[in-house]
Amino acid sequence: KPCGKRLAEENDSYIQTRPIKERKVFVPMVLNDVDVYKKQRQVGQGTYGSVFVGAHKKSGEVVALKRINTEQEENGFPIT
């Protein structure tokens, strides 16, 4: 028999189980205006925006800054 938990009593189907990795999510304590960051370089671009590496001007903390493209919007929603 395969390892795992039994999916249903009426048949011989099994699902494979695996440990779940714990992920840390960093939540900003204070939302800052974009002017407190220095944009350094662009690292990505997509349909709805561009992503830049930036650093906080006082602390030097490195962050990701995303600029949303608003050219293709109608009434505040992207046209797709």
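Let me begin at one turn. In the hairpin of β4 and β5, five residues lie between the strands, and Gly60 there has a positive phi near 80°. I will work outwards from that point.

First, a word on the model. This is a predicted model. The protein chain has a mean pLDDT of 76, with 65% of its residues at 70 or more. One stretch falls well short of that figure: over residues 4-8, pLDDT stays under 50. The model still has 15 contacts beyond four places in sequence for residues 4-8. Where pLDDT is low, the predicted coordinates should not be read in detail. I will leave that stretch there.

Now the overall make-up. The protein chain has zero helices and seven strands. Along the sequence the pattern is therefore simply β-β-β-β-β-β-β. Of the 80 residues in the protein chain, 14% are buried. The accessible surface is about 7800 Å², and carbon and sulfur atoms account for 53% of that surface. Among contacts with a separation of 6 or more, 9% are between residues 24 or more positions apart.

Next, the sheet that contains our hairpin. Three strands form an open sheet in the order β3-β4-β5, and the pairing is antiparallel. At the edges are β3, residues 37-45, and β5, residues 62-68, each of which pairs on one side only. On average, neighbouring strands of this sheet are turned by 30° against each other, with direction ignored.

How is β3 connected to β4? A hairpin of three residues joins them. Seven bridges link β3 with β4, which covers residues 49-56, and the two run antiparallel. Two of the pairings can be named. Gln45 stands opposite Ser50 in β4, and Lys38 has Ala55 in β4 as its bridge partner.

On the other side of β4, seven bridges join β4 to β5, again antiparallel. Ala55 turns up here as well, standing opposite Val62 in β5. So that you can find it on screen: Ala55 has Lys38 as a bridge partner and faces Val62 in β5.Two residues of β4 deserve a closer look. Take Ser50, which is found in strand β4. Is Ser50 buried or exposed? Ser50 counts as buried, because its relative accessibility is 3% and the cut-off for buried is under 20%. Beyond its neighbours within four places in sequence, Ser50 is in contact with Gln42, Gly44, Gln45, Leu65, Lys66 and Arg67. Of these, Gln45 is the residue already mentioned as standing opposite Ser50.

The second is His56, also in strand β4. His56 counts as buried because its relative accessibility is 17%. Not counting residues up to four places away in sequence, His56 touches Asn32, Val36, Tyr37 and Glu61. Lys38 is 18 residues away from His56 in sequence, and their C-alpha atoms are 6.3 Å apart.

Which backbone nitrogen does the side chain of His56 reach at 3.2 Å? One is that of Lys58. The backbone nitrogen of Ser59 also lies 3.2 Å from a polar atom of the His56 side chain.

For contrast, here is a residue outside the strands. Glu71 lies in the loop between β5 and β6, the latter being residues 73-74. Glu71 counts as exposed because its relative accessibility is 68%, where the cut-off for exposed is over 50%. Tyr48 is 23 residues from Glu71 along the chain, and the C-alpha atoms of the two are separated by 9.5 Å.

To recap: the model is predicted, the protein chain has seven strands and zero helices, and β3, β4 and β5 form an open antiparallel sheet. Within β4, Ser50 and His56 are buried, while Glu71 in its loop is exposed.

Note on methods. Residues numbered from 1 in each chain as written. Heavy atoms only, no water. pLDDT = per-residue confidence, 0-100. Contact = heavy atoms within 4.5 Å. Pairing = 2+ DSSP bridges. Helix = DSSP H or I, 4+ residues; strand = E, 2+ residues; numbered from the N terminus. Axes fitted to C-alpha atoms, helices over the stretch in contact; angles between N-to-C directions. Buried < 20%, exposed > 50% of the residue type's maximum accessible area, 1.4 Å probe, protein only. Areas by Shrake-Rupley, 256 points an atom, 1.4 Å probe, with all protein chains shown as cover. Polar contact = N/O pair within 3.5 Å; in protein donor to acceptor, adjacent residues only side chain to side chain.
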